[in-house]
Amino acid sequence: MNVLLGVTGAIACYKVCSLVRLMIGAGWNVRVVATDRALDFVGEITWRTLSQNRVERSAFAEQEDWHPRHIALADWCDVFVIAPLSANTMAKLAHGIADNLLTQTALACTKPLLLAPAMNTNMWQHPATQANVQLLLNRKATLLMPEAGDLACGVTGTGRLPEPDALFKQLQAFCPAN
Ligand SMILES: Cc1cc2nc3c(=O)[nH]c(=O)nc-3n(C[C@H](O)[C@H](O)[C@H](O)COP(=O)(O)O)c2cc1C
């Protein structure tokens with residue numbers, strides 16, 4: 001299975017490193033497409049090593065072949081998983097904004113889209129975020145819902161990314177061939 005994994009600027013990037021290990025262990029092909037902010041949390045070399053593939057971060061970088069990167073990635077994947085999904089990138093997806101490689105690819109992608117939001121409780125509960133969640137659900141995106149508990153930002157509430165094992169089980173359940 002070819003999994004395109006979008007990572008965005010949320011503290012839960014550290015948990016997604018373990019998720020990548022589980023995917024690779026299951027024999028899945030993983031390519032990471034990262035926003036610039038995601039790479040502030042976990043660096044390119046970590047994503048590259050764990051995913052065993054180069055990290056995709058720019059549609060405008062030098063490349064060997066002529067295919068636009070966002071189209072090539074959208075064609076390559078069987079499923080597009082975005083975890084962690086920041087409030088910011090969620091808003092872009094909901095409104096069709098395509099201002100980086102991850103969001104361009106999402107617009108170009110016709111494959112199943114699985115979204116795992118992670119953020120501070122007030123960000124999650126904000127009416128703008130909840131309206132964006134509804135827009136994406138109406139468009140048949142699958143949401144892997146955030147959990148309640150202690151958050152890295154110091155508050156207790158909803159917004160926490162599920163643990164890697166739990167996320168992986170949800171992904172496996174979604175992909176029957178695996
Ligand atoms: C320490 C720190 C932690 C953050 N954690 C989150 C988070 O968990 N979820 C979120 O939506 N935004 C979080 N942010 C804010 C995002 O990084 C910010 O909105 C950024 O612009 C997102 O960019 P991106 O969507 O292009 O990756 C955090 C910012 C900082 C400085």
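The exercises below, each with a worked solution, concern a predicted model of a protein chain with a ligand.

**Exercise 1. Determine how many helices and strands the protein chain has, and decide how its radius of gyration compares with the globule rule.**

Begin with the secondary structure, which in the protein chain amounts to nine helices and seven strands. Next, take the radius of gyration, which is 15 Å, and set it beside the 16 Å that the globule rule gives for 178 residues; the two values are close, so the chain is as compact as a globular protein of that length. The C-alpha trace, followed along its principal axes, spans about 45 × 35 × 35 Å. As a further step, consider burial, for which 41% of the 178 residues qualify. Finally, look at the contacts with a separation of 6 or more, of which 74% are between residues 24 or more positions apart.

**Exercise 2. Describe how helix α5 and helix α6 pack, and name the residues that meet.**

Two packed helices are described by the angle between their axes and by the distance between those axes. For α5 (residues 87–95) and α6 (residues 101–108), the angle is about 35° and the axes are 10 Å apart. The crossing in which α5 passes α6 is right-handed. To find the residues involved, start on the side of α5, where Thr89, Lys92 and Leu93 take part, and then turn to α6, where they meet Leu102, Thr103 and Ala106. Sorted by class, this contact of α5 with α6 has three nonpolar residues, two polar ones and one charged one.

**Exercise 3. Find which residues of α6 are buried, and state what they pack against.**

A residue is buried if 20 or more other C-beta atoms lie within 10 Å of its own C-beta atom. By this test six of the eight residues of α6 are buried, and the helix is mostly covered. The six are Leu101, Leu102, Thr103, Gln104, Thr105 and Ala106. Their packing partners are the strands β1 (2–7), β2 (29–34), β3 (79–85) and β4 (113–117), together with the helices α4 (69–76) and α5.

**Exercise 4. Describe the shell of residues around the ligand.**

The shell holds 15 residues, and those that come nearest to the ligand are Thr8, Gly9, Ala10, Ser86 and Met119. Helix α5 provides the largest share of the shell, namely three residues. When the residues of the shell are divided by class, eight are nonpolar, six are polar and one is charged.

**Exercise 5. Locate the cis peptide bond, and then decide whether glutamine 52, lysine 140 and glutamate 64 are buried or exposed.**

The cis bond runs from alanine 83 to proline 84, with omega near -5°, and proline 84 has its place in strand β3. Glutamine 52, which is not a glycine, has a positive phi of about 60°, and it is found in the loop between α3 (44–51) and α4. Because a residue counts as exposed if 12 or fewer other C-beta atoms lie within 10 Å, glutamine 52, with 11, is exposed. Lysine 140, also not a glycine, has a positive phi of about 75°, and it is found in the loop between α8 (127–138) and β5 (142–143). With 8 other C-beta atoms within 10 Å, lysine 140 is exposed. Glutamate 64 lies in the loop between α3 and α4 and is exposed, with 5 other C-beta atoms within 10 Å.

Note on methods:
Residues are numbered from 1 along each chain as its sequence is written. This is a predicted model: local features need pLDDT of at least 70, side-chain atom pairs count only at pLDDT 80 or more; totals for chains, interfaces and linings use all residues. A residue is near a molecule or strand if its C-beta atom, placed from the backbone, lies within 6 Å of it. Helices (H or I, at least four residues) and strands (E, at least two) are DSSP runs, numbered from the N terminus. Ala, Val, Leu, Ile, Met, Phe, Trp, Tyr, Cys and Pro count as nonpolar, Asp, Glu, Lys and Arg as charged, and the others, Gly among them, as polar. Axes are lines fitted to C-alpha atoms, for helices over the stretch in contact, and angles run from 0 to 180 degrees between N-to-C directions. A crossing is left-handed if the near helix is turned anticlockwise from the far one by less than a right angle, and right-handed if clockwise. Two residues are in contact if their C-beta atoms, placed from the backbone, lie within 7 Å. The radius of gyration is taken over C-alpha atoms; the globule rule is 2.2 Å times the number of residues to the power 0.38.
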